[in-house]
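Here are some notes for a colleague who is opening this structure for the first time. Please keep the sequence and the 3D view at hand while reading the numbered points.

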Amino acid sequence: MNEVLRIAVQKSGRLSEDSLNLFKECGIKFDNGAGKLKATSSNFPAEFLFLRDDDIPGYVEDGVADIGIVGQNVHVETSKHVNEVKLLGFSKCRLSIAIPRSETYGSVKELEGKSIATSYPVILGNFLKDNGVTAHIHEISGSVEIAPSIGLAHAVCDIVSSGGTLLSNGLKEVEVIFRSEAIMIGYPNLSPEKQSIVNQILFRIDSVQRAKNRKYVVLNTKQENIALIRQLLPGMKAPSILPLADEGWVSMHSVIEEQDFWQNIEKLRDAGAEGILVLPIEKMIF
Ligand code: ATP
Ligand code: MG
C-alpha cells in the first residue's frame, strides 16, 4: 500500500500562512481554497488537515495526523505525548505576565496570593512553581486582557508580540515567562514508510532554509585579482572562474552568506571586483 502522510496545519490564524508556505516552498502542491477542511497534494504523498491550532497536538498524539505545526506555547500547554520534530522559526511570540499600569512591580514574589487570568494554566503554573509562588490561576479561554479592569483577576498571563493590546487595556508587561515559535510535532510511532516521507520533507525544508540565508554572487575582475577576491568569497567549495571575451578578464561565481557579502562588499570593490550581481537562490542541496 502506498502511504500518504497526514499533515495538520492551522485552518486560519497566525500560523496558517507561514505553515502553508513552508510546504509550498518545498514544492508540495495542494489546493487550500477557503473553507476546505482537507486537501490532497497532487504531486507528493501528503494530505493536509486544516484544524484549530489547539486541536492539533491531540490529533498528532492519537495518530489521526502524522505531523502537525503549532506554536510551542500550544505544544507545551497541551502536554501531549508527541515528538518534537523541528523548530521552524516563524510565529515568534512570548507569553508574559502583565499587571495594571498604575501598580508598581518589584519581583515575582509580589504575585503571591494574587489571582492571574490566563489561557495557559499549565505554563503559568510551572512558572509560579519554579519561582516558589502560590497564586490563584483563573483559566479563561479568550479576551484575557480585560480581566483586571472588570475585577476578575489582579494580573493576566497572555501572548504578547508588540504589547499594543496590553497598553490599550491599561496593562504593563512585567515578566516574560515563555518564548515561542512554530514547531513541527510528530506521532511517535510512525511506520517506516511514513517516517521516510517525513524525512523527505525535512530534507526539502533544510534546502529551502539554507538557500534563504545565502546569495549567488557573480562579479567581473582582472585575472591578477583572483587570489585576493577568492579570500573574500568563502563559497561552498571554490568559486567558479570563467574567462570573459576581454583578454585578461574573468567572471567569478560563488555562493556566500548574505551577511558575509554585506561585510565584504567594500573590500571586494577595493580588490578590483566590478559589475557585482547578487542573486537569490531558491534551493540549496548538499
Ligand atoms: P485557532 O482559531 O486556530 O484556535 P488562535 O486564535 O488560538 O487560533 P492565533 O491567534 O492564530 O491562535 O495564534 C496561533 C499561534 O500563533 C499562537 O499559539 C502563537 O504560537 C502564535 N502567535 C500568537 N500571537 C502571535 C503574534 N502576535 N505574532 C506571532 N505569532 C503569534
Ligand atoms: Mg487556538
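Which residues point one way from β3, and which point the other way?

1. The model is a predicted one, and the points below should be read with that in mind. To take the question at once: Ala 46, Phe 48 and Phe 50 point one way from β3, while Glu 47, Leu 49 and Leu 51 point the other way, and all of them are buried. In a regular strand, side chains alternate between the two faces of the sheet.

2. Strand β3, which spans residues 46-51, is accordingly described as mostly covered, with 6 of its 6 residues buried. Buried here stands for a relative accessible area under 20%.

3. The neighbours of β3 in the sheet can be followed next. Strand β1 (residues 5-10) pairs with β3 in the parallel sense over 6 bridges, and within this pairing Ala 8 stands opposite Leu 49. Strand β2 (residues 38-40) runs antiparallel to β3 and is joined to it by 3 bridges, with Ala 39 standing opposite Phe 48. β2 and β3 form a hairpin, and 5 residues lie between the two strands.

4. The next point concerns the magnesium ion. Its protein donors are Asp 53 and Asp 54, each through OD, at 2.0 to 2.1 Å from the ion, which is ligand 2. How do these two residues stand in terms of exposure, buried or partly exposed? Asp 53 has a relative accessible area of 16% and is therefore buried, whereas Asp 54, at 39% relative accessibility, counts as partly exposed.

5. Asp 54 also takes part in the surroundings of ligand 1, where a polar atom of its side chain lies 2.7 Å from an oxygen atom of that ligand. The side chain of Asn 73 likewise has an N or O atom 2.7 Å from an oxygen atom of ligand 1, and for the side chain of Gln 10 the corresponding distance to an oxygen atom of ligand 1 is 2.8 Å. Taken alone, ligand 1 exposes 630 Å², of which the protein buries 76%. In total 15 residues surround ligand 1, and the closest are Arg 14, Arg 52, Asp 54, Asn 73 and Ser 161.

6. A last point comes from a record rather than from the atoms. An unreviewed UniProt entry carries the annotation "domain: ATP phosphoribosyltransferase catalytic" for residues 52-206. Over residues 52-206 the chain is 28% helix and 30% strand, and the C-alpha atoms at the two ends are 27 Å apart.

Conventions. Residues are numbered from 1 along each chain as its sequence is written. Chains are lettered from A and ligands numbered from 1 in the order in which they are written. This is a predicted model: local features need pLDDT of at least 70, side-chain atom pairs count only at pLDDT 80 or more; totals for chains, interfaces and linings use all residues. Side-chain values use heavy atoms; hydrogens and water are left out. Donors are N, O and S atoms within 2.8 Å of the metal (3.2 Å for Na, K and Ca); water is not among the atoms, so sites may look incomplete. Buried means under 20% relative accessible area, exposed over 50%, partly exposed in between (1.4 Å probe, protein chains only). Helices (H or I, at least four residues) and strands (E, at least two) are DSSP runs, numbered from the N terminus. Two strands pair if DSSP finds at least two bridges between them. UniProt positions are given in the numbering used here, feature names are shortened, and annotations may be inferred rather than shown by experiment. A residue is near a molecule or strand if one of its heavy atoms lies within 4 Å of it. A polar contact is a pair of N or O atoms within 3.5 Å; within protein, one must be able to donate a hydrogen and the other to accept it, and residues adjacent in sequence count only if both atoms are side-chain atoms. Accessible areas come from the Shrake-Rupley method with a 1.4 Å probe; for residues, only the protein chains shown count as cover.
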